[in-house]
Each structure stands twice: as C-alpha cells, then as structure tokens.
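Me: Please take a close look at the salt bridges of this model and set them against the rest of the chain. How many salt bridges does a search of the whole structure find, and are the residues that form them buried or exposed?

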Amino acid sequence: MDGQAYEGTLDAAQLGAELGERATLVQFSSAFCQPCRATRRTLVQVARMVDGVAHVEIDAEAHLTLVRELEISRTPTVLVLDATGRIVRRAVGQPRTVDVVAALGRAM
C-alpha cells in the first residue's frame, strides 16, 4: 500500500459499521470489479490475523455522497484508519498482504 496519506476522519455512522479497536480497513468496491473480490479476501485475512482490526466493505455505487467527499475515483480503493477513525493511508488497486500489514503498523 504505497498510497498517499490523506487527512480526514470517518466514524461508524459514515461507515455503517463499528470501527476496529486498533484500526479499520475500509474497502470501496463495485459489483463487477474483479480486483475487489481479491482485495476483500486479502483484507479479511489480515483482519483475522491482527487483533483489533476490522474490515468494512462499502459499495461505492450505493454510497455516492461518501465517495464524492473522499474523492474515490476507482475501485478497489482501500483506506486504513487508526483507532480514532483518522485516515492514515489510502491506496487504489489490489493490495498485497505484506503492504496491508505494513500500513497497519503505521496506523496502530
């Protein structure tokens, strides 16, 4: 996840799910996005491996206001949030497991 840092915060109401105790992996996906499926598998696997990390998948087409606010232009887009919901990393495309783990290390 060599993506850029991004300023802003998200909360449970915006995400439609609770934040992770230590960090949250937020994935913006679309219905026919093949890389989104692989990204989901990777993020679910990492969330299971690392205590206190949640994975939240958001259907970009169903949440256009949030997509516009965050300037999401492609799926999959992954945001890494710290425990307070602050966006600490942002990446577009299918991430590698090792990169997700490294990004979490910076978030926690």
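Reply: A residue is counted as buried when its relative accessible area is under 20%, as exposed when that value is over 50%, and as partly exposed in between. By this criterion, buried residues make up 47% of the 108 residues in the protein chain. The model is a predicted one, and every value below was computed from it.

The setting may be described before the salt bridges themselves. The protein chain comes to 4 helices and 4 strands, and from the N terminus on these elements run α-β-α-β-α-β-β-α. Its C-alpha trace spans about 30 × 25 × 25 Å along the principal axes. A compact globule with 108 residues would have a radius of gyration near 13 Å, so the 12 Å of this chain agrees with that expectation. Of the contacts with a separation of 6 or more, 73% are accounted for by residues 24 or more positions apart. The chain exposes about 5,800 Å², and carbon and sulfur atoms supply 48% of that area. As for charge, there are 12 positive and 13 negative side chains, and the centres of the two sets lie 8 Å apart.

Within this framework, the search of the whole structure finds 3 salt bridges. One of them joins arginine 40 to glutamate 57, with the closest N and O atoms 2.6 Å apart. This pair links distant parts of the chain: arginine 40 belongs to helix α2 (residues 34-49) and glutamate 57 to strand β2 (residues 53-59), and the two are 17 residues apart. Arginine 40 has 34% relative accessibility, and because that value falls between the 20% and 50% limits, the residue counts as partly exposed. Glutamate 57, at 32%, is likewise partly exposed.

In another salt bridge, the side chains of arginine 86 and aspartate 82 meet at 3.2 Å, N to O. Here the partners fall into separate classes of accessibility. Arginine 86 is partly exposed, with a relative accessible area of 43%, whereas aspartate 82 has 9% and therefore counts as buried.

The remaining salt bridge is formed by arginine 96 and aspartate 99, whose side chains meet at 2.8 Å, N to O. Arginine 96 is exposed because its relative accessible area of 52% is over the 50% limit. Aspartate 99, by contrast, is buried at 17%.

The elements around these pairs complete the picture. Helix α2 contains threonine 42, a buried residue with a relative accessible area of 11%. Leaving aside neighbours within four places in sequence, threonine 42 is in contact with Pro95, Arg96, Thr97 and Val100. Arginine 96 thus appears both as a partner of aspartate 99 in a salt bridge and as a contact of threonine 42. Alanine 38 is also found in helix α2 and, at 14% relative accessibility, counts as buried. Its C-alpha atom is separated by 18 Å from that of alanine 103, which lies 65 residues apart from it along the chain.

Strand β2, which holds glutamate 57, also holds isoleucine 58. Glutamate 57 is partly exposed, but isoleucine 58 is buried, with a relative accessible area of 3%. Not counting residues up to four places away in sequence, isoleucine 58 touches Leu15, Val26, Gln27, Phe28, Ser29, His63 and Leu66. Between the C-alpha atoms of isoleucine 58 and arginine 37 the separation is 12 Å, the two being 21 residues apart along the chain.

Finally, the backbone deserves a remark in one loop. Most residues other than glycine have a negative phi, and most peptide bonds are trans. Glutamate 71 has a positive phi of about 55 degrees although it is not a glycine, and it is placed in the loop between α3 and β3. With a relative accessible area of 62%, glutamate 71 is exposed. The loop between α3 (64-69) and β3 (77-82) also holds proline 76. The peptide bond from threonine 75 to proline 76 is cis, with omega near -5 degrees.

Technical notes. Residues numbered from 1 in each chain as written. Predicted model: local features only at pLDDT ≥ 70, side-chain atom pairs only at ≥ 80, totals over all residues. Heavy atoms only, no water. Buried < 20%, exposed > 50% of the residue type's maximum accessible area, 1.4 Å probe, protein only. Salt bridge = Lys/Arg side-chain N within 4 Å of Asp/Glu carboxyl O. Contact = heavy atoms within 4.5 Å. Rg over C-alpha atoms; globule rule 2.2 N^0.38 Å. Areas by Shrake-Rupley, 256 points an atom, 1.4 Å probe, with all protein chains shown as cover. Lys, Arg positive; Asp, Glu negative; His and termini not counted. Charge placed at Lys NZ, Arg CZ, Asp CG, Glu CD.
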